[in-house]
Amino acid sequence: MQFRLLGNLEVCKGHDWRVSLPPKLRTILALMLIMNEHTVPLSKFIDELWLTEPPVTVIATMQTYIYQLRKLLDIGGAVHAKGVALLTESAGYALKVPPENIDLFIFERCFKEGRISLAEGDYERAVRSLNSALSVWRSTALADIGKGPFLEAYSAQLEEARLQALELRIEADLHLGRHLDAIRELKSLIITHPMHEGFHTKLMLALHRSGRRHEALDTYNKLRKSMVDDLGLEPSLMVQRLQRAVLADDPSLIRQGADSPAAPSIVVPPAQLPPDTADFSGRASTLTNIELMLEKGGDNSPPSVVSLTGMAGVGKTALVVRLGHRLRRHYPDGQFFTRLTSSDGTPVDPRSVLEGFLRAIGFRPDQATATLEGRSELFRSWCAERRALIVLDDAASPEQVRPLLPAGAHCAVLMTSRSPLYGLDGARTVEIEPLSTNEAVELLARISGNQWTERERKAAHTIAKLSDHLPIAIRAVGSKLAMSSHLSVDKLVNRLADQRRRLAEFGSGDLDLRARLRRSYCKLDSTARRALSLMSGRQDTAFSVDDVAAMLGKDPMEADAILDQIFAERLLQPVGDQAVGEIQYWRPPDLVRIFVQELSDSGLPPVLHIPAIAQPAKVI
């Protein structure tokens with residue numbers, strides 16, 4: 001069985017392509033094909049099919065749709081002989097299809113092969129791979145599918161990837177000297193894409209190399225007029241440099257043979273941000289405040305750097321990704337994203353991060369030095385005259401972050417970390433607090449897809465409180481409410497009221513609060529762990545420095561340093577006079593208390609070694 005998404009949705013059984021699915025089934029099938037082999041939660045189906053107004057019987061309706069889809073496609077919950085299955089999971093539904101049976105994944109594989117071949121200088125292979133990628137397109141992606149926010153955004157990404165593949169294939173053709181073929185194609189493309197600088201610059205280059213310099217300059221003048229008249233903008237610096245090189249008849253623009261160095265070309269700007277969270281809720285004032293912090297002070301100002309800190313599960317990553325998407329139009333030269341801590345808690349080497357950044361902006365491996373300092377300098381040079389956004393998630397230390405920072409006045413950096421990153425010049429820190437009660441209840445409602453009575457809404461307020469208003473905890477229980485027809489908010493409140501099982505309820509797939517608290521806890525030394533254990537086991541709700549000193553048998557200065565260490569991992573909350581910034585007491589959040597008491601009851605606190613960033617190996 002084969003599936004096509006790059007055009008109208010089509011399903012092939014045997015030798016016949018069928019287009020006989022009702023509209024909502026087409027949307028459901030498209031969503032599961034895109035998320036192939038991954039569970040699609042009910043909340044995402046709701047957003048795509050009904051936006052924010054699902055029917056009261058949404059769970060039963062979805063079950064009916066899945067039944068109809070299984071019947072129409074003649075597939076069940078077990079793996080079909082040809083490797084296709086539609087599974088009902090605890091959190092949603094998953095369709096399992098061999099990737100080679102979906103045109104979308106064929107495109108992605110051939111596109112990736114083409115990019116790698118182009119970077120390695122194998123231009124013939126790049127042309128073959130990129131042509132194969134483009135050949136699976138029949139029309140606009142997801143052309144006949146009703147789209148909610150996710151599918152609308154995803155189809156736009158696919159269309160952008162299609163243009164990237166086309167531009168890279170033309171670039172490979174130019175490397176091979178196929179200028180006349182490129183001119184015919186590019187003249188058509190700039191009519192349909194009148195503001196696309198990449199197509200215009202490639203046409204200028206092809207015309208110049210074909211002895212038609214006046215036409216190359218005329219192409220630039222038409223592009224500039226369109227941009228100035230319609231947008232009030234001049235062409236980018238790279239396009240202007242190419243125009244000046246054509247005017248000067250720069251010899252470097254002429255390729256003498258296959259091994260001659262390539263003329264400068266426009267690389268598709270990186271757009272590495274993960275998909276935005278469709279059910280993101282709250283944080284309106286925080287988003288606005290951070291956007292104001294990123295406003296530029298002038299051409300001679302340093303790049304804007306904002307660091308978001310907060311305890312595990314408070315929603316820093318979702319917030320920074322939402323910010324990135326809101327700001328991306330201000331940074332047209334590229335949006336970079338990387339996670340700086342691996343899943344096992346190991347800090348990522350900034351040298352490997354820079355290697356990925358440099359590859360994304362078109363540098364070949366032989367153009368990028370192997371040293372951290374060299375790669376950092378090259379990246380800063382590229383950023384110097386551009387507008388780029390760099391998003392660094394889960395940073396481990398200032399030493400890890402510093403080589404990744406640009407120097408250009410029109411660049412910006414957003415980063416997240418559990419502990420504040422002291423020592424980064426010009427960085428502004430924003431502490432991300434748990435959601436307000438209303439925001440938490442709104443998030444729970446959106447994820448669960450429920451229409452609540454007034455009594456149920458009061459129960460939802462209790463769930464928010466028992467969740468410590470943490471988004472990760474609310475998402476975990478919300479997904480369970482969405483997928484369990486027998487689980488009510490009242491029953492969930494009763495489950496969460498039992499402290500012995502509360503943390504277990506806050507685990508659902510990769511939404512595991514206990515695992516994230518463990519990472520923070522394991523960074524504490526033995527004295528700090530003991531202090532946190534003592535504080536969590538007492539009936540007191542808040543502790544002064546003197547209280548902790550007495551419990552540990554330490555002097556107040558030592559106790560203060562220990563409390564600072566625990567707070568750095570955001571396992572304590574400060575209580576005091578916020579107006580003057582004076583902290584009078586410290587309080588472990590309820591879920592931290594429960595977590596630490598679990599460890600004490602087990603008698604086996606975990607030991608996790610968090611290694612330092614690996615030093616670069618000796619360069620051969």
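Which charged end sits over the ring of F150? Select K44 and F150 to find out. The charged end of K44 sits there, 4.4 Å from the ring centre. Keep in mind throughout that this is a predicted model.

**Stop 1: helix 6**

Stay with F150 and add Y154 to the selection. Both residues lie in helix 6, which covers residues 149–175. They are 4 residues apart, about one turn of the helix. A search of the whole structure finds 11 aromatic pairs. In the pair of F150 and Y154, the ring centres are 5.9 Å apart and the planes meet at 20°, so the pair is stacked. The cut-off for stacked is under 30 degrees. F150 counts as buried, at 12% relative accessibility. Y154 is buried too, at 14%.

Next, select E167. This residue also belongs to helix 6. Is E167 buried or exposed? At 3% relative accessibility, E167 counts as buried. Now show the side chain of K202. The side chains of E167 and K202 make a polar contact at 3.2 Å.

**Stop 2: a pair between two helices**

Jump to Y521 and F595. Their rings form an edge-to-face aromatic pair, 5.8 Å from centre to centre, with 80° between the planes. Y521 is in helix 21 (residues 513–521), and F595 is in helix 25 (residues 590–602). The pair therefore ties together parts that are 74 residues apart in sequence. Check the accessibility of each residue. Y521 is buried at 6%, and F595 is buried at 2%.

**Stop 3: more rings**

Select F336, F357, F379 and W382 together. These residues form one aromatic cluster. Then go to F567 and R570. Here the charged end of R570 sits over the ring of F567, 4.1 Å from the ring centre.

**Stop 4: the open sheet**

Finish at the sheet. It is open, has 3 strands in the order 4-6-5, and its pairing is antiparallel. Which strands stand at the edges? Colour strand 4 (40–41) and strand 5 (85–88): these are the edge strands. Each has a single partner strand, so one side of each is left without a neighbour in the sheet.

Now add strand 6, residues 92–96. Strand 5 pairs with strand 6 in the antiparallel sense over 4 bridges. Pick T88 and look across to strand 6, where its bridge partner is Y93. Last, show helix 1, residues 23–34. Helix 1 packs on the sheet and touches strand 4, strand 5 and strand 6. The direction of helix 1 makes about 70° with that of strand 6.

Conventions. Residues are numbered from 1 along each chain as its sequence is written. Side-chain values use heavy atoms; hydrogens and water are left out. Rings of Phe, Tyr and Trp (its six-membered ring) pair if their centres lie within 6.5 Å; planes under 30 degrees apart count as stacked, over 60 as edge-to-face and the rest as tilted. Buried means under 20% relative accessible area, exposed over 50%, partly exposed in between (1.4 Å probe, protein chains only). A charge sits over a ring if NZ of Lys or CZ of Arg is within 6 Å of the ring centre and within 35 degrees of the ring normal. A polar contact is a pair of N or O atoms within 3.5 Å; within protein, one must be able to donate a hydrogen and the other to accept it, and residues adjacent in sequence count only if both atoms are side-chain atoms. Two strands pair if DSSP finds at least two bridges between them. Contact means heavy atoms within 4.5 Å. Axes are lines fitted to C-alpha atoms, for helices over the stretch in contact, and angles run from 0 to 180 degrees between N-to-C directions.
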